[in-house]
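Biologist: Before I plan anything at the bench, I would like a close look at a single part of this model. Could you take me through it slowly, and set it in the context of the whole chain?

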Amino acid sequence: MTNGSRLLSVRLDAALAEALERHCAQTGATRSEIVKQSVAQYIVEHAGPTLGGLAEALLPPAPMRTARAARAPRQKRFRDYVREKRRR
């Protein structure tokens with residue numbers, strides 16, 4: 001193993017293991033890559049800023065979104081609904 005990485009054994013139930021194998025076959029990613037990203041995302045969401053910063057360093061960068069693209073479609077539908085009501 002290189003770069004100070006450690007081996008970790010994880011026991012998965014049959015259904016989850018099959019889903020992981022299918023995903024890896026479809027995407028070409030390895031099981032290790034998927035598990036690393038999954039653990040890193042979990043830490044970012046649940047562990048707070050200390051471990052979250054470490055996990056964010058391991059995750060691939062998120063794609064940049066413009067302010068207009070960040071607006072939820074539900075907000076647009078509501079805005080259109082309100083405009084239509086005003087016209088009546």
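**Arg31 and its surroundings**

Modeller: Arg31 counts as exposed, because its relative accessibility is 51% and the cut-off for that class is over 50%. This is a predicted model, and within it Arg31 forms a salt bridge with Glu21, the closest N and O atoms of the two being 3.3 Å apart. Glu21 lies in helix H1 whereas Arg31 lies in helix H2, so the pair ties together parts that are 10 residues apart in sequence. The partner, Glu21, counts as partly exposed, since its relative accessibility is 37%. The structure holds 1 salt bridge, and the pair of Glu21 and Arg31 forms a salt bridge of that kind.

On the Glu21 side, helix H1 covers residues 14-27 and has the highest confidence in the chain, at a mean of 92. The geometry of H1 also agrees with expectation, because at 1.5 Å a residue its 14 residues should span 20 Å, and its end C-alpha atoms are indeed 20 Å apart. After H1 comes Gly28, whose phi is positive, near 85°.

On the Arg31 side, helix H2 takes in residues 31-46, with Val35 among them. Val35 belongs to a nonpolar patch on the surface, which it forms together with Leu8, Val10, Leu12, Leu16 and Val39, and the accessible area of these residues together is about 520 Å². Val35 itself is partly exposed, as its relative accessible area is 33%. Another member of the patch is Val10, and although Val35 and Val10 are 25 residues apart along the chain, their C-alpha atoms are separated by 9.4 Å.

To set this part in the context of the whole, the secondary structure of the chain comes to 5 helices and 0 strands, so that from the N terminus on the elements run α-α-α-α-α. Of the 88 residues of the chain, 9% count as buried, and the chain exposes about 8,400 Å², of which carbon and sulfur atoms supply 55%.

A word of caution belongs here as well. The chain averages a pLDDT of 76, and 66% of the residues score at least 70, while confidence is lowest in helix H4, residues 67-70, at a mean of 55. Where pLDDT is low, the predicted coordinates should not be read in detail.

Key. Residues numbered from 1 in each chain as written. Predicted model: local features only at pLDDT ≥ 70, side-chain atom pairs only at ≥ 80, totals over all residues. Heavy atoms only, no water. Patch = residues over 30% accessible without salt bridge, like charges linked within 9 Å, V, L, I, M, F, W, Y side chains within 5 Å. Areas by Shrake-Rupley, 256 points an atom, 1.4 Å probe, with all protein chains shown as cover. Salt bridge = Lys/Arg side-chain N within 4 Å of Asp/Glu carboxyl O. Helix = DSSP H or I, 4+ residues; strand = E, 2+ residues; numbered from the N terminus. Buried < 20%, exposed > 50% of the residue type's maximum accessible area, 1.4 Å probe, protein only. pLDDT = per-residue confidence, 0-100. Expected span 1.5 Å × (residues − 1).
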